[in-house]
Structure formats: C-alpha cells, structure tokens
Amino acid sequence: MFDIKLIREQPDRVREALRRRGDEGARVDAILTADAERRSALSELETRRNQRNAISKEIGRMKPDDPQREAKRLAALTINQQIDLLELKVNEVQTRLNELLAEMPNVPDADVPFGKDDSENVVVKTMGAPRQFDIEPAPHWDLGPALGILDFERGIKLAGSRFYVLSGAGARLQRAVIQWMLDVHLAQGYREMYLPFMVKEQVVFASGQLPKFRDNLYHDVERDAWMVPTAEVPLTSLHAGEILDGAQLPLNYVAYTPCFRKEALSAGKDVRGIKRGFQFDKVEMYKFCLPENSEAELETLRENAEEICRRLDIPYRVKVLCTGDIGFCARKTYDIEMWAPGCNEWLEVSSCSNVGDFQARRANVRFRREAGAKTEFVHTLNGSGLALPRTMIAIMENYQQKDGSIVVPQALQDYMKMDVIR
RNA sequence: GGAGAGGUCGCAUAGUCCGGUCUAGUGCGCGCGACUCGAAAUCGCGUGUGGGCGCAAGUCCACCGGGGGUUCAAAUCCCUCCCUCUCCGCCA
C-alpha cells in the first residue's frame with residue numbers, strides 16, 4: 001500500500017516515479033482530490049460527533065423529569081441527521097481513496113535503470129561458463145521421458161494440459177533439491193517455516209497480489225480460501241498486525257511450498273516441458289528488516305540465492321529489472337537466470353525484491369526501535385531460493401551425458417544417495 | 001456435524017443481568033522518579049492503536065473479536081458473522 005502522506009507531500013516525486021514505470025500518473029491527482037475531500041468531510045463529521053456526545057452527556061447528568069431534557073434530545077436528533085449524511089460521505093470517499101491507493105505500484109529506487117519492458121533489463125553479471133558438449137545437448141522434455149523420470153502423458157491424464165508426473169529418480173531428485181536448498185538457507189541464517197497453502201483474501205491483498213492479479217489466482221469462493229501463488233503471500237502476513245521488537249530485526253524466513261497460478265496459455269510460448277505450469281514448487285526466502293537496512297539486505301538475499309546456483313555449478317546470470325518490467329510491489333528487483341543448454345535459453349529461477357514498506361503497510365507489520373518509541377513500518381524483501389521446475393531443467397540439461405544419463409550434482413549426491421540417474 | 005462456555009487497553013482479570021458517574025477498575029509487567037553506598041522491598045507518577053486539526057503544547061474523533069441495528073447515549077440491549085476452548089460424533 002502506498003503511503004498517502006508521500007503523495008500528499010511530494011506529489012511530483014510520485015508522478016515522476018510512476019512515469020518511469022510507464023504510467024501516466026493521472027491517478028495521483030485523483031488521489032489528492034479524494035484525500036482532500038476525505039479530510040474536509042472527516043473534520044466536519046468529528047465536530048458534529050463532538051457536539052452530539054456533549055449533549056448526550058448533559059442529558060445523562062439531568063434528572064429524568066428535567067423539562068430541558070426533551071429539547072436536548074431533539075437537538076441531538078437533528079445533529080444525528082447531519083452525522084448520518086457525513087458518515088455516508090466519508091465512507092464513500094474513503095472507499096474510493098482505498099481503491100486508488102491499492103492499485104498504486106511502488107516507487108522504483110533511483111538506481112533502477114529506466115526501460116520500457118523486459119528487453120531493457122540489465123545483465124549485471126554472468127557467472128560460470130557453459131559446458132561444452134560433444135553432442136547437441138537434449139532438452140529436458142526428451143531427456144526426462146527417456147529416463148522414465150518425467151511423464152507428461154500421465155500428468156495430462158490426471159490434471160490436463162501443463163501437468164506432469166515426476167517418477168522414481170525424478171521425484172527423488174526434486175525432493176533432494178528442496179531438502180538441500182532449505183538446508184543451505186538454514187545455514188545462511190533463515191528460519192524454516194511450514195505454512196498454510198490456502199490463505200484468506202486479506203492475506204493475498206497484503207502481499208499485493210490483490211486486487212490487481214485476481215485473474216491469476218485459484219480460490220474457493222465459498223470459503224475465503226486462496227491457493228498461494230508463492231510462499232511470499234503467507235510469509236508477508238506472518239506478522240500481520242504485530243509490533244515487532246526492532247532489536248530482533250532482521251527476521252529471516254525460508255519456506256518450501258507448492259505454488260498455484262492461473263497462467264495465460266498462449267499457444268507457442270513455453271508450451272514444452274516443465275518451465276511453466278499451473279502448479280509448481282518453490283523454496284522462498286523472506287526478510288523483515290529495519291528500513292535503513294533493506295538495500296543492503298537485498299544484496300544479501302541475492303547472494304544467498306546465487307549460492308544455490310554456484311553450489312550446483314550451473315552457469316547463471318543476474319539481471320536488474322528496469323522500471324518498465326519491475327513488479328507492482330517492488331522498489332528494486334534482481335532476477336537470477338540459469339543457463340539451460342537443451343532448451344537453449346536462460347531460465348528465471350529466482351526473483352529477489354526489496355519492496356520497502358509497501359507490503360508492510362498492507363499487512364500492518366510494524367516495529368519499535370525501543371520501548372516507548374513510535375511504531376514504524378518494517379521493510380520486507382522476498383526472493384526465490386529457488387523455483388524447482390526450472391532448477392530441475394537446468395540440472396537435467398547441464399548434467400546430461402552422451403548416453404542420455406544425468407549426473408547428480410556433487411552437492412546433491414548425499415541427499416540423493418546416488419550419483420548418476422540412468 | 002451436535003451440545004455448552006467464552007472473546008475487554010502487553011499478560012491476567014473486573015465491568016455486561018438493571019445503557020449515562022466506564023474519558024474501562026484492579027493486579028502483574030514495563031518506564032521514570034523517591035528512598036539506598038548500590039540493590040531488593042516499598043512509595044509516587046506514568047504506561048494502547050489509528051486518524052483529524054495544530055509550528056508546538058495540545059485537542060478532538062474512532063476502537064471492549066468483525067459487521068449491522070435500537071437509542072439523545074452501547075463494553076453493556078438486539079441481529080448476524082468469525083474465532084477460541086470443553087465434551088460428543090466423524091476422520092488422514
């Protein structure tokens with residue numbers, strides 16, 4: 001949620017930030033208008049309430065048979081009519097203002113490069129050299145079925161297009177990767193969490209997926225239960241409504257969850273393999289930190305995600321997203337992409353974002369620097385560590401051998417209790 | 001799913017039957033101060049959140065699980081929803 005005070009006090013700065021995102025910024029004016037209306041109506045309302053409360057108290061102090069009593073009662077009645085009208089007005093304006101604010105994206109950091117879309121994201125580093133293959137490296141959609149570890153037909157039989165089944169060593173490999181990733185992040189200082197995979201609408205709103213991305217979410221209309229599209233959603237609200245102790249920050253969490261997303265199925269794009277589906281697994285890192293530390297924490301978070309790539313010994317690169325591609329909630333985002341020689345593309349395996357106080361405002365997560373100090377909003381950060389299907393793709397394609405077998409990466413051999421999938 | 005009991009200012013509780021003196025009492029905790037060489041004990045004062053107006057001091061409004069209603073006035077009365085606990089049933 002956007003800070004109304006920032007818009008009120010520095011509207012030009014906000015307009016400029018929106019412009020960098022490719023938004024014309026007209027809603028800033030709509031917000032300023034609604035805010036002014038709200039405050040003026042609210043002042044009036046509170047004055048009337050004050051008068052009404054005073055009269056009520058007078059009546060309370062009177063004797064039951066006081067001749068003035070009826071006149072006072074009627075005076076209060078008149079004021080109440082005005083209160084009713086003002087309440088309607090305030091509620092209407094407040095609702096309008098909330099809707100406008102709920103759809104305001106975050107302001108990108110000053111060092112985020114300007115750009116119109118994903119073609120203008122900037123590669124900040126590339127690590128590891130692509131392996132040289134004697135043969136043309138096969139894509140995972142050929143490798144997996146050939147080894148009997150990836151079964152598209154049965155996935156489609158069970159759940160339809162875009163679903164698949166991992167079988168035998170394929171299923172074990174994914175479980176090993178999850179376990180290993182969690183262990184790596186534990187060692188980096190994160191606390192492991194097991195979370196609900198279905199959450200309330202308010203929780204989805206708090207992380208910024210609602211109202212804008214309603215169409216991408218699965219939910220049960222009868223129960224107010226929304227399938228999580230990422231562990232970021234429940235983690236954002238883990239401390240919703242709480243006032244944290246500033247001395248205990250940062251709080252670092254890591255959680256494994258499945259993720260459910262209604263993807264737009266466009267023919268010809270990402271249709272093959274397991275790169276994109278309605279259901280996938282992910283290990284997610286999340287931080288609650290002091291405002292002054294969030295920029296540094298983003299670097300740590302990115303580094304913690306990169307460590308997974310390095311320890312798997314898979315080539316990867318890091319991009320900083322430009323203003324035109326950065327997510328709704330984010331101030332700054334790094335994407336990490338692994339090289340997949342079979343599909344011949346860079347796969348986004350992680351997205352690490354500093355969202356500042358954006359989600360903390362929506363979820364109302366605050367802290368105090370010391371006892372008695374004013375409450376402030378925490379800053380939050382989230383980063384995949386990592387997304388499973390694409391990590392699986394990268395492992396399969398980078399570690400394939402001439403005979404179609406797949407070497408288990410060194411880091412995973414103890415977890416898999418095998419060194420080659422054949 | 002059935003029956004019952006509850007949700008009050010960090011925690012624990014009072015208040016709810018009989019609406020106004022509740023700007024919610026008390027204890028604990030916490031903060032400041034007094035006493036003390038220091039501490040404990042004791043004593044005094046203070047101690048919620050959000051919002052409006054204001055340079056500020058301050059002041060006003062709202063909040064007793066959520067929403068709605070009755071009333072001049074609601075923690076208190078009415079309706080409704082949610083949650084928690086106990087017992088029973090069912091169940092991986």
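Contact here means heavy atoms within 4.5 Å. With that in hand, here's a quick tour of a predicted model in which protein chain A sits with RNA strand B, and 21 residues surround the RNA. Chain A has 13 helices and 18 strands, and 50% of its 422 residues count as buried. We'll go from the overall build to the RNA surface, then through a run of paired strands, and finish with a few individual residues.

**Overall build**

- Along its principal axes, the C-alpha trace of chain A spans about 105 × 45 × 45 Å.
- Chain A's accessible surface is about 20500 Å², and carbon and sulfur atoms hold 49% of that.
- If you take the contacts in chain A with a separation of 6 or more, 73% of them come from residues 24 or more positions apart.

**Around RNA strand B**

- Ser 43, Ser 56, Arg 69, Arg 73 and Arg 366 are the closest of the residues surrounding RNA strand B.
- Sorted by class, the surface near the RNA has 10 charged, 7 polar and 4 nonpolar residues.
- Looking from the RNA side, sugar or phosphate supplies 73% of the strand B atoms within 4 Å of the protein, with bases making up the rest.
- Two side chains come up against phosphate oxygens of strand B: a polar side-chain atom of Arg 8 lies 3.4 Å from one, and a polar side-chain atom of Asn 53 lies 3.5 Å from one.
- Ser 56 uses its backbone instead, with a polar backbone atom 2.7 Å from a base nitrogen of strand B.
- Three elements give two or more residues to this surface, namely α3 (26-61), α4 (69-102) and β14 (366-368).
- Helix α3 gives the most, with 12 residues.

**Helix α2, next to α3**

- The buried residues of α2 (residues 11-21) are Pro 11, Val 14, Ala 17, Leu 18, Arg 20 and Arg 21.
- Their cover includes α1 (4-9) and α3.
- Right after α2 comes Gly 22, which takes a positive phi of about 95 degrees.

**Strand β11 and its partners**

- Strand β11 (residues 316-320) has 5 of its 5 residues buried, so the rest of the structure largely encloses it.
- In a regular strand, side chains alternate between the two faces of the sheet.
- For β11, Tyr 316, Val 318 and Val 320 point one way while Arg 317 and Lys 319 point the other way, and all are buried.
- β11 pairs antiparallel with β1 (residues 122-127) over 5 bridges, and Arg 317 is the bridge partner of Thr 126.
- β11 also pairs antiparallel with β12 (residues 332-340), over 5 bridges; here Arg 317 has Glu 337 as its bridge partner.

**From β12 on to β16**

- Strand β12 runs antiparallel to β13 (residues 345-356), and 9 bridges join them.
- Ala 340 has Glu 345 as its bridge partner in β13.
- The hairpin of β12 and β13 has 4 residues between the strands, and Asn 344 there takes a positive phi near 60 degrees.
- β13 in turn pairs antiparallel with β16 (residues 379-387) over 4 bridges, where Cys 352 stands opposite Gly 383.

**Asn 382, a buried polar residue**

- Asn 382 has its place in strand β16.
- Its relative accessible area is 6%, and the cut-off for buried is under 20%, so Asn 382 counts as buried.
- The Asn 382 side chain makes a polar contact with the side chain of Glu 232, at 3.4 Å.
- Setting aside neighbours within four places in sequence, Asn 382 is in contact with Glu 232, Glu 284, Met 285, Tyr 286, Leu 301, Ser 351, Cys 352, Ser 353, Val 355 and Gln 359.

**Pro 234 in helix α9**

- Helix α9 (residues 232-236) is where you'll find Pro 234.
- Pro 234 is buried because its relative accessibility is 8%.
- With neighbours within four places in sequence left out, its contacts are Leu 195, Pro 196, Val 199, Val 203 and Val 228.
- Ser 207 is 27 residues from Pro 234 in sequence, with the C-alpha atoms of the two 8.1 Å apart in space.

Methods: Residues numbered from 1 in each chain as written. Chains lettered and ligands numbered in written order. Predicted model: local features only at pLDDT ≥ 70, side-chain atom pairs only at ≥ 80, totals over all residues. Heavy atoms only, no water. Near = heavy atom within 4 Å. Polar contact = N/O pair within 3.5 Å; in protein donor to acceptor, adjacent residues only side chain to side chain. Nonpolar A, V, L, I, M, F, W, Y, C, P; charged D, E, K, R; others polar. Buried < 20%, exposed > 50% of the residue type's maximum accessible area, 1.4 Å probe, protein only. Pairing = 2+ DSSP bridges. Areas by Shrake-Rupley, 256 points an atom, 1.4 Å probe, with all protein chains shown as cover.
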